[in-house]
Amino acid sequence: MDLPHVSAALGVIHPICIARGRNAEVWDEADQRYIDFIGGIGVLNLGHSHPAVVEAVKAQVETLMHSAFNALPHRGYLAVTEALNQFVPVSYPLSCMLTNSGAEATENALKVARGVTGRQAVIAFDDAFHGRTLAALNLNGKVKPYKSGLGALPGPVYHLPFPSRDSGVTAEQALTALERLFDVEIPVDEVASIIVEPIQGEGGFRLLCPKFAKVLRDVCDKHNIVLICDEIQSGFGRTGQRFGFTHLGIEPDLLLMGKSMAAGLPLAAVVGRRELMDALPKGALGGTYSGNAVACAAALAVMDAMQEDALSAWSDAQEAAIVSAYQRWKASERFPMVGAMTGIGAMRGIVFEDTENATGAEHLANLLAAGRDAGVLLMPSGRKRNVLRLLPPLTTEPEIMAEGLGLIEQALETLKA
Ligand SMILES: Cc1ncc(COP(=O)(O)O)c(C=O)c1O
């Protein structure tokens, strides 16, 4: 694909240009149809152009497109923050700020943690992903392509192994690493925050070990450290719950959300305990476009559509379809490169293993191309780019889901063991 005016530093996975979409289907400029299992990398849990979102956006565009909230508040921003207070399952009343992107939410959460604690250090995890801006990218647990060639980044940041049944790292190993960190690298009372994805996205759809989540909660409580859960990819229903932290039996102090929050319009948020969110001086948080009125209207329609029972029904159906296809592929022994399944609910990954002919990453790259030829769009993840992450809209019709999984199977047939 020829991209003469686009920076070569933007990686493009699929060399096609899409023109329109409806729920889990997209059409390119030549009107070729594809089933979209990428979903805008987790943005489209409600699919392309969900009718309720389209209607809310149209009505908002005709009423008020924008007001810079810091200068002149508007109803949409207030309504979203009020709705979040109901929508986010924590025991305390929330205070929120809206941002334009996930990375901006990450950056602002770091500011809040610094402001509250008067400390600077952050503990993050191997294979984590928190964004591409300077402070956010230093939290990422992967050097290439995020940190290479950029020099000193805002810190200090320390990384721990991510304990998960999906990573093979145990809670005990991570705890040993945490104790070592406090003995060798940094005193615990100099740590401002610990940031963790309850289910890693870019890292390969890996569920944080619940036992270790409780360790993190205890350490943060004991030492007045701010626990930040980044649910920018796992939130808004992907795991069958509104947010993934509910699978872990803990509550974060600050929660980051974005992506599916506004079904495709740019909106993200930092939400959390009022005493933390109020710590910085007036004017320290904000932004010209953040909490844009049209994006807020979309977010309100999303929260309305994501009632708990609807979410679990969608997620259960999708999980059942994905898991049974995976089990069929695995049991058939025709695809020796198909390794373990990762994740929880509808947030599922499939690890591709090395075989005689190719590495797992090569197999997955070949699968992506073969899938595209067959008519299904797929996305990799993982430090080695060998984990297929499946992100179809939760609202995907059962027959389209079955068709998409069938096309993946067709693409698997083309791989050479
Ligand atoms: C867990 C997580 N945090 C943060 C981000 C950054 O979000 P954005 O791309 O909106 O800046 C992402 C994006 O993939 C993400 O998955």
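Strand 4 gives the largest share of the lining of the second largest pocket, four residues. This is a predicted model, where local features need pLDDT of at least 70, side-chain atom pairs count only at pLDDT 80 or more, and totals for chains, interfaces and linings use all residues. Residues are numbered from 1 along each chain as its sequence is written, and side-chain values use heavy atoms, without hydrogens and water.

A pocket is an open set of points on a 1 Å grid over the protein atoms alone, where a 1.4 Å probe fits, with protein on both sides within 12 Å along at least five of seven lines; lining residues have an atom within 4 Å of a point. Volume is the space filled by probe spheres set on the points, which are joined across faces, edges and corners.

| Pocket | Volume | Nonpolar | Polar | Charged |
|---|---|---|---|---|
| Largest | About 1,500 Å³ | 27 residues | 14 residues | eight residues |
| Second largest | About 580 Å³ | 11 residues | five residues | three residues |

Ala, Val, Leu, Ile, Met, Phe, Trp, Tyr, Cys and Pro count as nonpolar, Asp, Glu, Lys and Arg as charged, and the others, including Gly, as polar.

The second largest pocket has 19 lining residues; Phe69, Cys96, Met97, Met277 and Leu285 are closest to its centre. Helix 3 (75-87), strand 4 (94-99) and helix 8 (274-277) each give two or more lining residues there. Helices (H or I, at least four residues) and strands (E, at least two) are DSSP runs, numbered from the N terminus.

The largest pocket holds about 1,500 Å³ of space. Its lining has 49 residues, with Gly11, Ile13, Ile41, Arg132 and Met379 closest to the centre. Helix 1 (39-42), helix 4 (102-117) and strand 16 (379-381) each supply at least two of the lining residues. Domain 1 (52-305) and domain 2 (308-412) each contribute at least three; domain bounds come from an automatic or database domain assignment.
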